[in-house]
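Q: Here is a structure I have not met before. Please take me through it and explain the terms as you use them.

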Amino acid sequence: MGDVTLEAVRLTKRFGTRTAVHELNLVARQGEIVGLLGPNGAGKTTAIRLLSTVLPPSGGQFTVAGVPHSRPIELRRRIGVLPESGGYPPHLTGIEYLRFHARLFGLDRTAAARTTERLLGDVGLAERGTSRISTYSRGMRQRLGIARALVNEPVVIFLDEPTLGLDPAGQRDVQELVRTIARERRTTVVLSTHILPDVEELCTTVLILDGGTVRLTGTVSEVMGAAGVRQSGRLRVPIDLVDRARSALAGISGISLGDGGQPDGVITISVTGQAHSRVDEGMNLALYLVLNASVPILRFEVDGARLNTAFLALTGEAGR
């Protein structure tokens, strides 16, 4: 695991008598993608504004690459931000826009031009750098905004709803760009979103916020396990070994089997996170037990991700 790049301890923000973020604790490392997940009004955007020094905290503290929040000017040189509704001057070209921001960070003309060319290539806009931003699609503007957030080679980059309003192709492009930033640059990415597929696809760690409070932290699988989410799958074995496979799985805590009515040697398995700290551990145990009983596995399929179920269980959104 990489070095710690972002650490928050009991970070709190109050607006009058209303607490928007309550005692947020967070540790993130190089190359991690941390998802801030929650319903509207959960405190996601406020948390990002705190961590990016846009808002001063009412309590607690945080550091970026060891720089405390009490030194905001120095800290800002180590972060990049893509706000939810960033403005883009329509009359500028992509090149002009990035060069301007590079110069704001103190790069000379030559370095700013070199950085701009490299970043436009990194985000897939090399061929459109001389086009006015007014001609860009929303997805292209989001990628340009991510390039702007990378101008200063940040240690941590904050992305607030980066795929909101994008079509499937645009979502895919942004998701792949986020992966590349984390993997190749080793940059810590903090992703604020209420779009569950983004979290399932990208995040190594998830924080579920509700009412300004962190309800749960962990990997996607750990969150589903802690929320008691039931995951199911279908296991196909040779027809003459179905009974042996079912016997190997019978009576195991947290693992339940279908009624046996599936055709062609298919066994339906359900695993609950209440019996296993991670639902994938329960599935792995089921596979191990079948193989240990000398039953070959011909096919194994798992139902779609259930982070949505965990989210609803933890935030109570289903009843709102």
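A: Start with two helices of this predicted model. Gln142, Arg143 and Ile146 in α5 meet Asp173, Val174, Leu177 and Ile181 in α6. By type, this contact holds 4 nonpolar, 1 polar and 2 charged residues.

Q: Why are α5 and α6 called roughly parallel?
A: Look at the angle. Helix α5 (residues 138-149) and helix α6 (residues 168-184) pack at about 15 degrees, with axes 10 Å apart. Angles under 35 degrees count as roughly parallel. Therefore α5 and α6 are roughly parallel to each other. The crossing of α5 and α6 is right-handed.

Q: What makes α3 and α4 oblique to each other?
A: Again, the angle decides. Helix α3 (residues 94-104) and helix α4 (residues 109-122) pack at about 130 degrees, and their axes are 9 Å apart. Roughly perpendicular covers 65 to 115 degrees, and roughly antiparallel is over 145. The angle of α3 and α4 fits neither class, so the pair is oblique. This crossing of α3 and α4 is right-handed.

Q: Which residues in α3 and α4 meet?
A: From α3 come Ile95, Leu98, Arg99, Ala102 and Arg103. From α4 come Arg109, Ala112, Ala113, Thr116, Leu119 and Leu120. The contact of α3 with α4 has 7 nonpolar, 1 polar and 3 charged residues.

Q: Why is Thr116 called buried?
A: Thr116 sits in helix α4. Its relative accessible area is 3%. Buried means under 20%. Thr116 is therefore buried.

Q: Which residues does Thr116 touch, leaving out those up to four places away in sequence?
A: Thr116 touches Ile95, Leu98 and Arg99. Take Leu98: 18 residues separate it from Thr116 along the chain, yet their C-alpha atoms are 5.7 Å apart.

Q: What makes Glu23 partly exposed?
A: Glu23 lies in strand β2 (residues 18-29). Its relative accessibility is 32%. Partly exposed runs between 20% and 50%. So Glu23 counts as partly exposed. Its phi is near 50 degrees, a positive value in a residue other than glycine.

Q: How do you know that Ala65 is partly exposed?
A: The relative accessible area of Ala65 is 36%. That value lies between the cut-offs of 20% and 50%, so Ala65 is partly exposed. Ala65 belongs to the loop between β4 (59-64) and β5 (67-68). Ala65 is not a glycine, but its phi is positive, at about 50 degrees.

Q: Which residues have the most contacts inside the largest nonpolar core?
A: They are Leu98, Leu144, Ile146, Ile157, Leu159, Val189 and Val206. The core has 41 residues. Another core lies apart from it, with 22 residues, including Ala47, Leu50, Leu51 and Val156.

Q: What is Ile157 in contact with, leaving aside neighbours within four places in sequence?
A: Ile157 is in contact with Gly80, Ile146, Ala149, Leu150, Ile181, Thr187, Thr188, Val189 and Val190.

Q: How many helices and strands does the protein chain have?
A: The chain has 11 helices and 14 strands. Of its 320 residues, 47% are buried. Consider contacts between residues at least 6 apart in sequence: 69% of these join residues at least 24 apart.

Terms used. Residues numbered from 1 in each chain as written. Predicted model: local features only at pLDDT ≥ 70, side-chain atom pairs only at ≥ 80, totals over all residues. Heavy atoms only, no water. Axes fitted to C-alpha atoms, helices over the stretch in contact; angles between N-to-C directions. Helix = DSSP H or I, 4+ residues; strand = E, 2+ residues; numbered from the N terminus. Left-handed = near helix turned anticlockwise from the far one by under 90°. Contact = heavy atoms within 4.5 Å. Nonpolar A, V, L, I, M, F, W, Y, C, P; charged D, E, K, R; others polar. Buried < 20%, exposed > 50% of the residue type's maximum accessible area, 1.4 Å probe, protein only. Core = buried A, V, L, I, M, F, W, Y, C linked by side-chain atoms within 4.5 Å.
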